[in-house]
Amino acid sequence: MLIKVKRGWELPESAVTPEDVFMNRRQIVKALGIAPALAATASVLPAGAALAAAGEDPTVDLYPVPRNEKYTVDRPLTTQHDATTYNNYYEFGSHKQISKTAQRLEIRPWNIKIDGLVEKEFEIGIDDLLKQVSLEERVYRFRCVEAWAMTVPWSGFAMKQLVELAKPLSGAKYIKMNTIAESKAEMPGLRQFWYPWPYQEGLSMEEATNEMAFMVTGLYGKPVPKQNGAPLRLAVPWKYGFKSIKSIIQFTFTDEKPKTFWESLAEKEYGFWANVNPAVDHPRWSQATEWQLGGRQSDRVPSRIYNGYGEQVAHLYPKDAGESYFR
Ligand code: MTE
């Protein structure tokens, strides 16, 4: 007998968009004369609330967005199945199969707070933010400190655009970011009280404004799935994956180096800088090689300094000379 096993990211029947909501969205797009490719910068979003209520990501019509060919990779793409069913997202559990539980996350309304050392603190809804940035697709490598790696097409916008919107003061040296941590029913992992919730990460201003730092809103030409960090996550591909914080609700500009989630737990194992470096081992694992999601763990390939992005980022770490994991 053939049994269809539902994959984590597939929507249940009950979440399929009702036809009237679907028609409504299409009619708005038509009435505004917006071609799908241009929709990234235009407002198909008035129907957002209705779509969210129907369980569909209200940004679905923004994708696919044009690919920026400057950011491609010389190895095969990881399959969508592998990238969306093998995840680290501790708020949903401290194992890799959290994709189904992550569907509990409510991603509307989704307000993002910009505060600290900025001209004026403010809050902005994700849909309003999306109207103010230009979206593109970039294929990036991704390397977890656990030694698994993937290659995926993220959609989103350069983090520099967010920094410009925030208007930081000259004293701002770092950006601290927080993940939502409001409901234990939505995020059962929050019941693990020994973790220092909320998940917190940070970048220096130079890192955040580097061309590679990317705010992710989509994956494989669709809105980014909840298990991968909807509706807004970070991708900093020259750093170990734990720096790429998911489901962000706050950006705080500060003059102090933020203490990150993993650093608070084990500062000798998870440094703030966490740049991929095959020559500096994690205290418990070698970082010399990696394996690709979808392949066998025994099929290892050499890891690369800055995960292959040295040309773009090495100048940020002149004193480190490759020792930038813990500093
Ligand atoms: N962000 C939050 N909020 N919570 C997490 O547990 N895990 C990190 C990072 N961002 C994590 C997070 C780690 S350890 C990794 S390797 C990546 O997310 C995994 O991203 P992926 O599941 O999209 O592959």
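# Briefing: cavity, pocket and backbone features

The structure holds one cavity of 30 Å³ or more. The model is predicted. Its secondary structure comprises eight helices and twelve strands, and 55% of the 327 residues in the protein are buried.

**Overall figures**

- Among contacts in the protein with a separation of 6 or more, 72% are between residues 24 or more positions apart.
- The exposed area of the protein is about 15,100 Å², and carbon and sulfur atoms supply 54% of this area.

**Empty space**

- Rolling a probe the size of a water molecule over the atoms shows where empty space is left.
- The largest cavity contains about 40 Å³ of space.
- The lining of the largest cavity consists of Asp57, Thr59, Tyr63, Arg108, Ile126, Leu130, Thr217, Val224 and Pro231.
- By class, five nonpolar, two polar and two charged residues form the lining of the largest cavity.
- The second largest pocket holds about 360 Å³ of space.
- There are 25 residues lining the second largest pocket, and those nearest its centre are Asn88, Tyr199, Gly241, Phe242 and Trp262.
- The lining of the second largest pocket has 15 nonpolar, six polar and four charged residues.

**Cis peptide bonds**

- The peptide bond from Tyr63 to Pro64 is cis, and its omega is near 0°.
- Pro64 sits in the loop between helix 2 (48-53) and helix 3 (80-85), while Tyr63 is one of the residues that line the largest cavity.
- The bond joining Ala230 and Pro231 is a cis peptide bond as well, with omega at about -5°.
- Pro231 belongs to the loop between strand 8 (222-223) and strand 9, and Pro231 is also among the residues lining the largest cavity.

**Helix 5**

- Helix 5 spans residues 159-166, and its buried residues include Met159, Leu162, Val163 and Ala166.
- The buried residues of helix 5 fall within an arc of 100° when seen down the helix axis, so they line one face of the helix.
- An α-helix has 3.6 residues a turn, so residues three or four places apart point the same way.
- Lys167 follows helix 5 and has a positive phi, near 50°.

**Positive phi at buried loop residues**

- Ala147 is not a glycine, yet its phi is positive, at about 90°.
- Ala147 is located in the loop between strand 3 (136-143) and strand 4 (148-158), and Ala147 counts as buried at 4% relative accessibility.
- Asn307, also not a glycine, has a positive phi of about 55°.
- The loop between strand 12 (301-302) and helix 8 (310-313) contains Asn307, which is buried at 1% relative accessibility.

**Ser247 and Ile180**

- Ser247 lies in the loop between strand 9 (233-235) and strand 10 (248-254).
- The relative accessible area of Ser247 is 0%, so Ser247 falls in the buried class, for which the limit is under 20%.
- Beyond its neighbours within four places in sequence, Ser247 is in contact with Tyr89, Leu105, Trp110, Asn178, Thr179, Ile180, Gly229, Ala230, Leu232 and Arg233.
- Ile180, one of the residues in contact with Ser247, is placed in the loop between strand 5 (174-179) and strand 6 (200-204).
- Ile180 is buried, with a relative accessible area of 8%.
- Outside its neighbours within four places in sequence, Ile180 has contacts with Leu105, Trp110, Met187, Ser247 and Ile249.
- Leu105 and Trp110 are among the contacts of Ser247 and also among those of Ile180.
- Ile180 and Ile112 are 68 residues apart along the chain, and their C-alpha atoms are separated by 9.8 Å.

**Val216**

- Val216 is part of strand 7 (residues 214-219) and is buried at 0% relative accessibility.
- Not counting residues up to four places away in sequence, Val216 touches Trp154, Ser155, Gly156, Val224, Pro231, Leu232, Arg233, Leu234 and Ala235.
- Among these contacts of Val216 are Val224 and Pro231, both of which line the largest cavity.
- The C-alpha atoms of Val216 and Phe157 are 6.8 Å apart, with their positions 59 residues apart along the chain given as the separation.

Conventions: Residues numbered from 1 in each chain as written. Predicted model: local features only at pLDDT ≥ 70, side-chain atom pairs only at ≥ 80, totals over all residues. Heavy atoms only, no water. Helix = DSSP H or I, 4+ residues; strand = E, 2+ residues; numbered from the N terminus. Buried < 20%, exposed > 50% of the residue type's maximum accessible area, 1.4 Å probe, protein only. Contact = heavy atoms within 4.5 Å. Areas by Shrake-Rupley, 256 points an atom, 1.4 Å probe, with all protein chains shown as cover. 1 Å grid on protein atoms, 1.4 Å probe; cavity = no way out; pocket = protein on both sides within 12 Å on 5 of 7 lines; lining within 4 Å. Points joined across faces, edges and corners; volume = space filled by probe spheres on them. Nonpolar A, V, L, I, M, F, W, Y, C, P; charged D, E, K, R; others polar. Arc of directions from axis to C-beta.
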